Amino acid sequence: MNRQIGLAKNYHIETKHSYWSVRNTAHYLDWENKPAPFKVYPALQAIPLPRELAPSGVTALDALSKSVAAEAGRELSVDNLASLLFYSAGVTKSKSFPGGAVYFRAAACAGALYPIEVYLVCGGILGLQAGVYHFNPGDFSLRMLRDGDYRDALARAAGGYDAVAGAPATLVCTAISWRSTWKYRDRAYRYHYWDGGTMLANAIAMAAAHGLRHEIVMGFVDSEVNRLIGVDGEREFALALTPIGELVFQEKATNPIVSALELETIALSACEVDYPSIKQMHLASSLSSPDEVAEWREPKGLPEASAAGDDSPVVIQLETVGGVELTDDAIEKVIERRASTRRFARKPISLRELSIIVERSTGPVAADAALTTNKVYFIANDVDGLESGAYYYNKDSGSFELLKQGSFRNEAAYLTLGQDLGGDASVTFFLMADLEQVLSVFGNRGYRVAQMESGIIGGRMYLAAYALGRGATGLTFYDDDVAEFFSPHAAGKGCMLAVSVGVAGKRPIY
């Protein structure tokens, strides 16, 4: 079904927001039935992870710009694994409210619903025996689901991909769909990948900070990975694999038999509402055999789509950061203070800060699929050294191209579902992809790739902004209105994600 790309096109169209679709909904939030934030296996013994986390000694901006080729020979241990898990998916703070406590995680998540679960498939590493584990952020522990080395089984599901076959450990991130559909309904499939992407942005930054080799793998046999970690593939399903650590290839025993897991978990809610469109979209983008995975992964270039617009646009070069003193805040400190900004003060950031945020968020990511599907458009509301207007980031030339000049605060707010945040921010970014092109290359699974990449870029924007002492927040949007606003340059592209960046604080009273 992956090549029947009309399925992904239809899902995208049917889940678009418009001014009228948002206002004509009768949906309300059933707070009594809100899903629990943690997946709990009541019969499994917790294996506590070390809470004394050794600092990486690397600044956030350095972690975001580090080469994907990590230090040779850096050994993966339970200590740096604990650091990676905490700063990508751990609970960094909590607040009590009349309805109960809210546990805030290391990475941004739409609505603080946290649909992403993390599993670990590893050989024997320093401080932890070989097995398949589930990570519980609530008590910061692992629980063993399978005893033994199942890396061969995971590598087979990944089409024999070297990064999975040779890594000492691989993280498997999944989405429990109900946690997001409770609020976002059919559109939640998009949110799964945005939330997964922001978490992976943290994970690869932490892996880089610890000098650990890392990669993001989007190609795998869905049913085999789901079976290995014991999820049903409908209510909860695998999104991506992240092999961690220096590759070591050795003779291994024949793949162990992966029997079905029958493990009790505590119900998330009194009842769950089914959304067939999400099941259909996920099935339509699934791969069914290792051979299909290998074929899907064969090198494919995304041709550069021609962009309509001014043949000789006004071009502003990014300001380089070399020789300029920047923040020396460690990646851990930045993640600990990161949040989703709730108010912007309508104050400016500098062109240099904007340049750093864009450059650090769009750098290369080691992956089995070309994570080059998203293009960066933005509305500059208040940037010192840059005229207010609508812009396109030309990565090849390292420049911002002015598409139209003028003050577009009201338009930025409107496009982000009428939220003041979009207009009050210094800059509001819109990550856009040519879905026709992406689906023609990757099939329906390209929809996963484009949405995941937008989440990774958005997550890196958060980290870069907070490293510079600025605020950031992810926003949803009116799909077709965004494309129309940036057209003719953005003609044919669809918006994947919006992120606003600026100075946190109260909006001034005029």
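Visitor: How many of the twelve residues of helix H4 are buried?
Guide: We're looking at a predicted model here. In it, H4 is mostly covered. Residues counted as buried include Val78, Leu84, Phe86 and Ala89, and polar names such as Asn80 and Ser83 are on the list too. Out of twelve residues, the buried count is eleven.

Visitor: What does H4 reach from its first C-alpha to its last?
Guide: H4 covers residues 78-89, which makes twelve residues. At 1.5 Å a residue, 16 Å is expected, and the helix comes close to that. Its reach in the model is 16 Å.

Visitor: How many salt bridges does a search of the whole structure find?
Guide: For this count, a side-chain nitrogen of Lys or Arg has to sit within 4 Å of a carboxyl oxygen of Asp or Glu. One of the pairs that qualifies is Lys9 with Glu436, at 2.9 Å from N to O. Searching the whole structure gives a total of 23.

Visitor: How many residues apart are Lys9 and Glu436, the pair that links distant parts of the chain?
Guide: Their side chains meet in a salt bridge. Lys9 belongs to helix H1 (residues 6-14), while Glu436 belongs to helix H16 (residues 435-442). That puts the partners 427 residues apart.

Visitor: Is Glu436 buried, partly exposed or exposed?
Guide: Buried means under 20% relative accessible area and exposed means over 50%, with partly exposed in between. Glu436 has 46% relative accessibility, so this residue counts as partly exposed.

Visitor: Which residue of the Glu215 and Arg213 salt bridge is buried?
Guide: The two side chains meet at 3.4 Å, N to O. Arg213 has 24% relative accessibility and therefore counts as partly exposed. With a relative accessible area of 7%, the buried one is Glu215.

Visitor: Which parts does the salt bridge between Glu272 and Arg235 tie together?
Guide: The side chains of Glu272 and Arg235 meet at 3.1 Å, N to O. These partners are 37 residues apart in sequence, and each lies in a loop, so the pair ties together the loop between helix H9 (222-229) and strand S8 (236-244), where Arg235 lies, and the loop that holds Glu272, between S8 and helix H10 (276-284).

Visitor: What is the relative accessibility of Arg235?
Guide: Its partner Glu272 is partly exposed, with a relative accessible area of 34%. Arg235 also counts as partly exposed, and its value is 30%.

Visitor: Which residues do salt bridges that share partners join into one network?
Guide: Here the salt bridges have partners in common, and that sharing makes one network. Its members are Arg187, Arg190 and Asp479.

Technical notes
Residues numbered from 1 in each chain as written. Predicted model: local features only at pLDDT ≥ 70, side-chain atom pairs only at ≥ 80, totals over all residues. Heavy atoms only, no water. Helix = DSSP H or I, 4+ residues; strand = E, 2+ residues; numbered from the N terminus. Expected span 1.5 Å × (residues − 1). Buried < 20%, exposed > 50% of the residue type's maximum accessible area, 1.4 Å probe, protein only.
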